[in-house]
Amino acid sequence: MTPSQPEGIAYNMITDKAADEHFRMLASIIEYSEDAIISKDLNGIIKTWNRGAEKIFGYTEKEAVGNSITMLIPPDRQHEEQMILERIYRGEQVKHFETIRMTKDGKTIPISLTISPVKNNKGEVIGASKIARDMTEKVNLQQQLQVNAENLERLNSYKDEFIGIASHELKTPLTTIKAYLQLLERELQEEAHQEYITITLNHVDKLTRLVSELLDVSKIQAGKLAFNFSDFSFDQLLKEGIRAVQQTNQTHQVICDSRPLNIVIHADQHRLEQVIVNLLSNAIKYSPNSDKVIVHAIKEEETILVSVKDFGMGIPFSEQDKLFSRFFRVSGIDPNIQGLGMGLYISDEIIKGHKGKIWVESELGKGSVFYFRIPLY
Ligand code: ADP
């Protein structure tokens, strides 16, 4: 006996002990797993059955071992076992196979199966190990999510429909109020009363604009924003837009620093004026410490490029890409500056409706330039 033999025996003993410990640990992991871990031979006869399998399928180990795995398979899915066995014969693994299995009391449950071949020392396939995960909770959750999403979509469309109807209904009395105020304006002699009427009319105009914007948003949501294309003078359009804004804003001068373009474009005049008025009104609204706004228009190839430049608060770079989203307002904005975040969203839709593009370049604290480009025809 060489001196190394006893040491060898001792070493083997430790190794065997460690291996035993290791196998015990593995066996305990399998036994207490929440998933069903089952092994079967190549005839589909169940060989081992853990507690997870008992919990999911309702059969005890005693009831399951020795029986065919087909007892878990609903009649209309029996062909699956053949397909699985064929793949196992080839030494392949079946991963995350989502299917339905049957419990002892005949209930069907959604499960996810992973099946791997079991090989002997010679590498021959002698059976399969099966891990089945009960997917009932996940499937229920998915179904609930689907129902929630459908409910949300339905509620959202009710809301859009309501906004559409409400803003339409609000428009009619507003138009009447405005007409009577204008009549009154003509009749009144006293200067002080005239001033009251002017202030009231300005507020009626603001309210009318808000209601119109709400109506536009609901039309966009419903995919019903319509365009009326015609041929008209671009210079006239720009002049009208500037006049409309300048009429109600005396704090800033709107300067057009480009020459007349003398071109006729094919577009929706009313909608484009809406975009110009929105950009000019914003330029004034968001530059309370400045006194001018500069408009520029040029013809570039077969397009017109319009820019509106202000010297106001500017927009943080991180928020610029969200500017044209519905109801978006830059965070931390002065609460005295009113708005609902609809104007740029509508403008974007209008420009898209002309196959054009709208964008912004801005520097915080220095000001912004809003651009839009549309084709001439
Ligand atoms: P509203 O002005 O009614 O809030 P808009 O859709 O016209 O809605 O504008 C969205 C947001 O974009 C505004 O709330 C404001 O935060 C920002 N914004 C728009 N124009 C300017 C501008 N010229 N300068 C700085 N911020 C602007």
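A pocket here is an open set of points on a 1 Å grid over the protein atoms alone, with protein on both sides within 12 Å along at least five of seven lines, and its lining residues have an atom within 4 Å of a point. A volume is the space filled by probe spheres set on the points, which are joined across faces, edges and corners.

The model is predicted: local features need pLDDT of at least 70, side-chain atom pairs count only at pLDDT 80 or more, and totals for chains, interfaces and linings use all residues. Residues are numbered from 1 along each chain as its sequence is written, and side-chain values use heavy atoms, without hydrogens and water.

**Exercise 1.** Describe the second largest pocket and its lining.

*Solution.*
- Step 1, volume. The second largest pocket has about 240 Å³.
- Step 2, centre. It is lined by 13 residues, and Glu34, Asp35, Lys55, Ile56 and Asp134 are the closest to its centre.
- Step 3, elements. Helices (H or I, at least four residues) and strands (E, at least two) are DSSP runs, numbered from the N terminus. At least two lining residues each come from α1 (4-32), α2 (51-57), β5 (125-134) and α5 (136-187). The largest share, four residues, belongs to α2.
- Step 4, classes. Ala, Val, Leu, Ile, Met, Phe, Trp, Tyr, Cys and Pro count as nonpolar, Asp, Glu, Lys and Arg as charged, and the others, Gly among them, as polar. This lining holds eight charged, three polar and two nonpolar residues.

**Exercise 2.** Work out which residues surround the ligand and which polar atoms it meets.

*Solution.*
- Step 1, shell. Take residues with a heavy atom within 4 Å of the ligand. There are 21, the closest being Asn282, Tyr286, Asp310, Arg329 and Leu344.
- Step 2, elements. α8 (269-285), α10 (343-353) and β12 (367-375) each give at least two shell residues. α8 has the largest share, with four.
- Step 3, classes. The shell splits into 11 nonpolar, seven polar and three charged residues.
- Step 4, polar contacts (pairs of N or O atoms within 3.5 Å). A ligand nitrogen sits 2.8 Å from a side-chain N or O atom of Asp310. An oxygen of the ligand is 3.1 Å from a backbone N or O atom of Leu340. For Gly343, a polar backbone atom is 3.2 Å from a ligand oxygen.
- Step 5, cover. On its own the ligand has 530 Å² of accessible area (Shrake-Rupley method, 1.4 Å probe). The protein covers 97% of that area.

**Exercise 3.** Find the largest cavity and classify its lining.

*Solution.*
- Step 1, volume. A cavity is a set of grid points where a 1.4 Å probe fits but cannot get out. The largest cavity holds about 40 Å³.
- Step 2, lining. Its lining includes Ile38, Phe57, Arg101 and Lys130. β4 (108-119) and β5 give two or more residues.
- Step 3, classes. Seven lining residues are nonpolar, two are charged and none is polar.

How values were computed: A polar contact is a pair of N or O atoms within 3.5 Å; within protein, one must be able to donate a hydrogen and the other to accept it, and residues adjacent in sequence count only if both atoms are side-chain atoms.
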